[in-house]
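Me: I should like a close look at a single part of this structure, namely its largest cavity. Which residues line it, and what surrounds the topic elsewhere in the model?

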Amino acid sequence: MFRLAAKMTLARTGRLILTSLAVILGTAFLSGTFVFRDTINQTFDRLFADVFRDVNAYVRSTTFLELNFGGEQRAATPIEVLDTVRGVKGVTSATGDIQAFARVIGKDGEPLGSEGNGPPTFGGIATSDSAGLWSITEGRLPIGPNEVVLDSATADNGEFVVGDNVRVVAVRGTREFTLVGVASYGDISSPGGATFALFDQPTASEFLLQPGFVDAILIEGDDSVSDEVLARRIDAALPADLKLETLTGAEITAEVQGQIKDVLNIFSTFLIVFSYIALGIGSFVIYNVFSITAAQRQRENALLRAIGASKRQVSRALLVESTAMGIVGSVIGFGIGILLSQLLNALLKATGFEVPTQGLAIAPGSFINTLLAGVLVTVFAAWFPARRAGRVPPLAALRDTALDTAGSISRRVVIGLILVVAGGVAMVAAMNDAPIQVLGLGVLGVFSGILVLGPAIARPVALFIGIPVAAMRGASGVMARQNAARNPKRTSRTAAPVLLGVALVTAFTALAASIRAEVRDTFGDAFSGDIALTVDSQGFGGIPLSLTDRIAQLDGVAQATGVGFTSVRLVDPSQATSSTPAGADQRGVFVQTINPATITGLFDLGVTEGDLTTLGSDGLFVNAGRAESKGWEVGTRLKVIRIDGVEVDAVVRGLMSGDTSFANYVASREMFADAPSPIFDAFVYIKVADDAVFDTVRDRIAAISSDAGIGTLQTKDEFIDDQAAQINQILALIYGLLGLSIIIAIVGIVITLLLSVFERRREIGLLRAVGMTKSQVRTTVRWESVITSLLGAVSGVVLGIVMGIVVVAALSDESDIAFRLPINETLWIVFISFVLGVVAAVYPAWRATKVNVVEAIAAV
């Protein structure tokens, strides 16, 4: 029976290839992600192993914060310990290391490196010590406060040569330096496409960080003892009160490699999620194809039963075929995925993110995972059609037609309604303060119920959608309408991937529109200024406080204030116990930093209790909801622990609504005035004086921001629109997530139509014999595809709107978001579904016109 199944599979190579397409598309993206991830991980492992090959020990602060979005931020290291480290027996070289914000301004006045969306822009130390990370490839090392060295990639991109003047922006403002050299990082011009401006240690500390501090100390040993012994010697020599630790070269290498992998894994995880969702959508296509083929081969399977094959053997034959399709599709998909990984790398380089790949890393685990995913999805999707094929009675061999019935409609309606009602109850519960998990179960229940009800509602909906088609296209339109409705089970299965994709897109589009409208209204009421200077720093760098102060002093500026962010650790002394001491938790929280003297009357933080001018250097304002959950009130004393380990005895001096604040906590920038780790502003809000000319003032502000190469200058309306549009990034992610799924849905429609054409070839032959033209045949197939696509689209839009209303209602308990239906976007979704239906029918319609009339009529 196995040999027979193998021969039957090979005898239908066209069907094998068509069915494998859904598997190929999903596994190609999946394997491409795996190969890309493995290649990048391998490359960075080699890179940092090479970079730190001469580093035997690494001294850094033990004071750090675990950031909410991942990673950590450490306190600076005093440079005074450098002499102590150099005096340790076994140390031959030691130097400071800094990686802080610095932006190089090109000769055209534009900053090199993108803001927020690309690789970071660093400042660091160039040194002659062998423990340093950089090697001079041209010119010499920088000496004194007026000289700089650039990495090779930045020098090439900016067309800088040794001797040129280079403007650099850092925490201390904008300065001009003389380029005296070009450097490389290990064997590459610049790691990850980042830009680097390198200085001698005193200049780097003063300009990038704080005089007398560096991020860490790099140490090279004389190999007289092991790295572990050397690290212990250095630890013993370091003053205990400075809270420093020493890692071996292997430890810091492994830690940096792990941090890079963590960052890259976030990106690859998104891609993997996309791939698995696409495979899930592909399972509908595979299930539909096997259901159709099982019905079309009903007579063949019945003959096998008649000559002695058991139900199990017939089912196994179809499962063997599905396994072969899964293997073929996964292997081909893996090969295409290797090419996709190179395309992804090329796209990243084109956007300015240089990923230093070295060859390809094709791990056996990646191939096995791709193969298993493809085969399991295919076999799972074919399981139920295979079982139904095994139950075909031998007498079915006498039939000449393929039957693919929907089973008991009443049973489907009952089960489907139960699932929809149960899901609806869960969604209503989520609208009334139930946990978010209940909302997820509710959505799953409604989706499942709609899919079960599909065959019951497909016929009436298809007939309704087909009314204008029948009216406009005459006999061809009538036939297309009836063809779409004649097999509701097949039509609903074909439309299911479209329904799922459109429902999710509609729901998220409605949610995004509602959030945009709420943000626009909220910020419109809160921002009383005329101009905003913003920077998309993604938590790294920003607008120097000195630049904010310069803007405030401009003629024509009535008021200007800056808003920034930093991280601290908060401890409630009243809740600290002996088992959980005050300093045990290293997790940090975001704090919004402001200038209390200038923000009032310019930007409303939604203060509900207290006065911002009372903040001082030890005050906090707290989100009212957060304060209530913590049991805090005005006057509650808290301990604020900064990144450098300094503890501030703070007091809650007010509460705020949280609608317009960007964090749950607000502090004055005075609290961080003496911190070695600098803070920046992310926004500068500006009010133009009543007697000043707006355009003149804006030009003055633009001159300062352009000179610094930092920020985007916006009017009030532009700023509000920009804040509201940030949700579009998430929406774009969702669209990208569903893009591959939509492609697979199109492939499903194409395959279904091709199989339908094959099934109805005798019917098409008879129609051609009685006078139907090729054009009419193409029209019939095309509009059948459009009706099927619109069936999924219309059902998906309705379901998506309901989901959007529920999600917005569930979120409205925490923020006053009102549901907004984006009419234009919804109409576009329906129109795009119409176009996809037309596109999907092109090849099947052409194939239908190639049916041989005589052979089709003679076929039995």
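Reply: In this predicted model, the largest cavity is lined by Met479, Asn483, Arg760, Glu763, Ile764, Leu767, Met772, Val777, Thr780 and Val781. The space inside this cavity is about 90 Å³. Three helices each provide at least two of the lining residues: helix H13 (467-486), helix H21 (761-769) and helix H22 (774-811). By chemical character, the lining consists of six nonpolar, two polar and two charged residues. Arg and Glu count as charged, and the lining includes Arg760 and Glu763. Among the nonpolar members of the lining are Ile764, Leu767 and Val777. In total, the model holds seven cavities of 30 Å³ or more.

The nonpolar cores may be considered next. In soluble globular proteins, nonpolar side chains tend to be buried together. The largest nonpolar core in this model has 39 residues, and those that touch the most other members are Leu150, Phe199, Leu208, Ile217, Ile219 and Ile234. A second core, separate from the largest, has 37 residues, including Ala382, Val446, Leu499 and Ala503.

A loop elsewhere in the chain offers a polar example. Asp644 lies in the loop between strand S22 (637-641) and strand S23 (647-656). The side chain of Asp644 makes a polar contact of 2.8 Å with the side chain of Arg642. A polar atom of the Asp644 side chain is also 3.3 Å from the backbone nitrogen of Val646. Leaving aside residues up to four places away in sequence, Asp644 touches Thr63, Ala75, Ala675 and Pro676.

Notes
Residues are numbered from 1 along each chain as its sequence is written. This is a predicted model: local features need pLDDT of at least 70, side-chain atom pairs count only at pLDDT 80 or more; totals for chains, interfaces and linings use all residues. Side-chain values use heavy atoms; hydrogens and water are left out. A nonpolar core is a set of buried Ala, Val, Leu, Ile, Met, Phe, Trp, Tyr and Cys residues joined through side-chain atoms within 4.5 Å. Buried means under 20% relative accessible area, exposed over 50%, partly exposed in between (1.4 Å probe, protein chains only). On a 1 Å grid over the protein atoms alone, a cavity is a set of points where a 1.4 Å probe fits but cannot get out, and a pocket is an open set with protein on both sides within 12 Å along at least five of seven lines; lining residues have an atom within 4 Å of a point. Grid points are joined across faces, edges and corners, and a volume is the space filled by probe spheres set on the points. Helices (H or I, at least four residues) and strands (E, at least two) are DSSP runs, numbered from the N terminus. A polar contact is a pair of N or O atoms within 3.5 Å; within protein, one must be able to donate a hydrogen and the other to accept it, and residues adjacent in sequence count only if both atoms are side-chain atoms. Contact means heavy atoms within 4.5 Å.
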